[in-house]
Every structure is written in C-alpha cells, then in structure tokens.
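User: I have a model open and would like to learn how to read its features one at a time. Can you walk me through it, starting with the vocabulary?

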Amino acid sequence: MNKTLLAIDIGSSNITAVIARNNLDYKINILGTGTYKSDGINKGVISNIELASKSIKEAVSIARKNTTEQIESTVVSVSGAYTKGLRSSGSVNVPNGLITENEINQVLQMALYNATIIPEYEVVHVVPIFFKIDDSADVENPLNMNGSRLEVSVYIVTAKKTALTNIKSAFKMANLTVNNFVLDSYATAIAILDEQQRKFGATVINLGATTTEFACYKGSSLIYNGFIPVGSNHITNDLSVMLHTPPIAAEKIKTEYGDLLKSDEELANKKVRTPRIGDEKNSSEVSLEYIQTIIHARVEEVLTLVRNNLKKSGIHESLGTGIVITGGMSKLIGIKELATLIFDNLPVKISNPVNIKNGYMSFDDPKMATIVGLLLYSLETNRNFELDSNKNLIKKRKIVEQAATKTQTENYSESIAAADIQKTVLNGKDKGVSDENDSSKLLPKLTKKDKNTGVKRLWNAITEWF
C-alpha cells in the first residue's frame, strides 16, 4: 500500500523532516520539507525531551505547510551512540521445495531467535549477509529458488530500549507516533553507495557536527557499524579554546581558513585577526599556520579513531572499493588526501547522496545523506529482504515485474489495435477506406457463379489438350 511517509533525521545540529510518498510510477514524490535547529540533543542522544519535542514539532510544522496529505507512517533515524551490532545465523527446512517469502521470513526470524540479545537492548535491523540453499554457494536472493533447506547469516543492529523510549516520548509530546527506526549510518550508506560499491565492499564515514558514524558494506549487505562521539563542532571548540576567541568567530575561522593542503611556505608570515573572549572590542593576531595545525590535529584524530576501530573489528581487510566520506566535515579542503594517508592509501571518495528531484530543497548536500537514506529505505521499490525494527519482513517490490505486466498490457492493446486495423481493411469499401497503397491486398470473395465459371473453363481446357 502506498502510504504518505514522514521521515525525520534527528541530527545534533538540525532536525530535518520530509513528507513523501510514491507516485504512480513508484518514484519518490516529495510533498513537503522542514528543517529546524536541534535542541535537547547531545551527540545523537536526547538529553532534554521537552526541548527535543519542540524542535521535532517545529520541523514537522514547516514540512506540513506545503501539503494537506495525512501522515500515515513515520520513520526516524537512530544514532549509533546507543547501538550494538552482532552476528547470528539460522536455518529452516523447505517443505514444498520452493522458497517463498514465508520461508525467507522464517529463516530470518530463526536467526534472530538464535542471537544472544542483551535484555536492555531492542532489535532495530536484522540484515541478511548471505543465504545458502542446501550446500550451494552464497545466494543473494533465494526467492522462487528450489531446495530442501534454507540457511542465512545475518548482521543484527540493536539499540538501548531507554534511548528508543525517549525518542518515542519526544514524538508523543509532538503528537506523532514512531512506526519504524532506522540506524543513522545504515541510512547514510543506502543514500551514498552505488551498486558496485555495495557489492564489492566499502565503508561510509559520516562526519557530522558532534558525531562520526560509519557503516561497512559488502556483498550488498551491511556487515558492521560504528560510532565515535567527535565531529566538526569539536574543531570549532578547539579553535575557540586555543585562540581564546568566541565560538562564533571560531566557526567563521574554520569555514574560511580551514585547508589541510596548504604548505608551511604558503602559511608563513600570514596572520588572522580574531576577537578575544570577554573582550570583543579588542582583537589579537594569530598565525594561519597555528590555526591549520589545530584543525589538522582534530581531523587526523577522528579519522585515526575510525581506522583503529575498523582494524580492531577485522573489517579493515575487506573494505573492497575503499572509503567514502560524507557529512558536513567532508567539505573541508584536503580531507580526501589526509584520509588516503591514514587509511594506508586505500581509495577515498567524497560523495553526496542521491539527489531526489523536488521543488522544496536540494538533497545534493552531504548533510542530507541520512534523510535521503530514510526515504530510500522506506519508499525504494527494489529493496533487499530484511527484518525492520518491528521484526516485520521488508519485501521486494520490483519495478521490473510491474514493467513486464505493463508490457503485456501494451502487447495486448497492440493486438487489439491490429485486429481493429484488419477489420477496418476488410470493411474498407463500406467505411470509405482506400487500399491503393496497401502492398498486401485481400483476395476478392468469389460468388457461386464465379466458382462455377472457373471450373467450366478448366474442364474445357483439359478436353482441348486431349
């Protein structure tokens, strides 16, 4: 059923709300958008329910100004700050020999049942890494295949129950109900990675305002996720403390002079005048080289923490196509080159999310990666099988199948049209249709008299020969 969706990205700096639904061609149709400053949220975690609820309500109100559609479903991003990932597996017998959606649901539920979930945590995703049918090699999509036994290996994302309850409470105060949760970094990966990167493996690093989240893909499946409580705002704080300047001035210095590529020769003898905290009337000069040193140190720390986390988990050896960086900090000049060095010369790419065309806002911005991922997760027709936060099976809805049906309909219509044309030609005399240009004229009908005349002529010819 095509429902009107409200997608909300709870970011540390901004809350973004988008109302959308699929159109008749199953493409995503944006009906309204709204963005509001985040309050009551600290490093991806709700610290004040009342303030967070107000920010959510304001963002949704702005989005609702552009549409009168009733919201039927709400999907919300979940920060990796309070999540844990684990592996599990399951298997079921296939009684009829044909694998249907029922068997796929059963084997995923069995893998979830076999997992050791910490009591204080709630399941957010059960993502299949690969399926196996009998003793075959890995299978990506077992639907409609034949076999007697179906096995699956899964990656399960869990989140703290208290954290999810706090999010639900904030939404309840805003007169909204949360229907589904999606991991922040998972949504970002869906919006950023192309088909080749998903298949051969890649790690998406989302450098946000106060957090850094990353998700690893391989074989078109999520296989790992991580979280670091450091973001671009920490660069601003470092500059503010080290330069003794107000945060507003520090943010301006970061955006205007942040450059990781400039050499010491280029920075030599260059000064920047900055106001002083508590004494804005007076200012002091700071060397640009010192500013770049502060920025470089913090960015290097963040990327190094991500690399160490990946190495510790064992994922670093299977990054495939390399590293993909997005988020607000990805705009920093030279971050690609620095990341290449830190990640041992692996390919590094700076990417923006898929830009869903609409008349409200541009999604072609790294800050929009998570909200785009939420829309694709909920409204994309060709999704992989998985269990969502309600433990319900997400099914595939392939446009290809609909296209085939459409083609059959068109062929049927063409057949009818061809029959009508033939009928028109047959009745051409009655309907005044000329067939002078028709290369395949129909033979005229013979009357009984014509038939007798033809036989008589043939008999006369035969008697003359003999």
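Analyst: Sure, let's begin with burial: a residue is buried under 20% relative accessible area, exposed over 50%, and partly exposed in between, using a 1.4 Å probe and protein chains only. By that rule, both D238 and R298 are buried. One caveat up front: this is a predicted model, where local features need pLDDT of at least 70 and side-chain atom pairs count only at pLDDT 80 or more, while totals for chains, interfaces and linings use all residues. Also, residues are numbered from 1 along each chain as its sequence is written, and side-chain values use heavy atoms, with hydrogens and water left out.

User: How much of the chain is buried?

Analyst: Of the 466 residues in the chain, 46% are buried. As for surface, the Shrake-Rupley method with a 1.4 Å probe gives the accessible areas, and for residues only the protein chains shown count as cover. The chain's accessible surface is about 25000 Å², and carbon and sulfur atoms own 49% of that.

User: How many helices and strands does the chain have?

Analyst: Both are DSSP runs numbered from the N terminus: helices are H or I with at least four residues, strands are E with at least two. Here you get 14 helices and 19 strands. Take helix 4, residues 184-192: it is mostly covered, with nine of its nine residues buried. Among them are Y186, I190 and I192, along with D184.

User: What is the strand order in the open sheet of five strands?

Analyst: Pairing comes before order: two strands pair if DSSP finds at least two bridges between them. The open sheet reads 13-12-11-16-17, with mixed pairing. Strand 13 (221-228) and strand 17 (348-350) are the edges, each pairing on one side only. For angles, axes are lines fitted to C-alpha atoms, for helices over the stretch in contact, and values run from 0 to 180 degrees between N-to-C directions. Ignoring direction, neighbouring strands of this sheet are turned by 20° against each other on average.

User: Which residue in strand 13 does F214 stand opposite?

Analyst: That's G226. Strand 12 (residues 212-218) and strand 13 run antiparallel and are joined by seven bridges.

User: Which helix packs on the sheet?

Analyst: Contact means heavy atoms within 4.5 Å. Helix 10 (residues 335-342) packs there, touching strand 11 (202-207), strand 16 (323-326) and strand 17, and its direction makes about 155° with that of strand 17. Chain-wide, among contacts with a separation of 6 or more, residues 24 or more positions apart account for 65%.

User: How many salt bridges does the structure hold?

Analyst: Look for a side-chain nitrogen of Lys or Arg within 4 Å of a carboxyl oxygen of Asp or Glu. The structure holds 10. One of them joins D238 and R298 at 2.6 Å, N to O. D238 sits in helix 6 (residues 232-243) and R298 in helix 9 (residues 288-313), 60 residues apart. Together with E301, D238 and R298 form a network of salt bridges.

User: Why does the pair of K395 and E101 tie together parts that are far along the sequence?

Analyst: First the geometry: the closest N and O atoms of this salt bridge are 3.6 Å apart. K395 lies in the loop between strand 19 (393-394) and helix 12 (399-426), whereas E101 is in helix 2 (residues 101-114), so the linked parts are 294 residues apart in sequence. K395 counts as partly exposed because its relative accessibility is 48%, and E101 is partly exposed too, at 27%.
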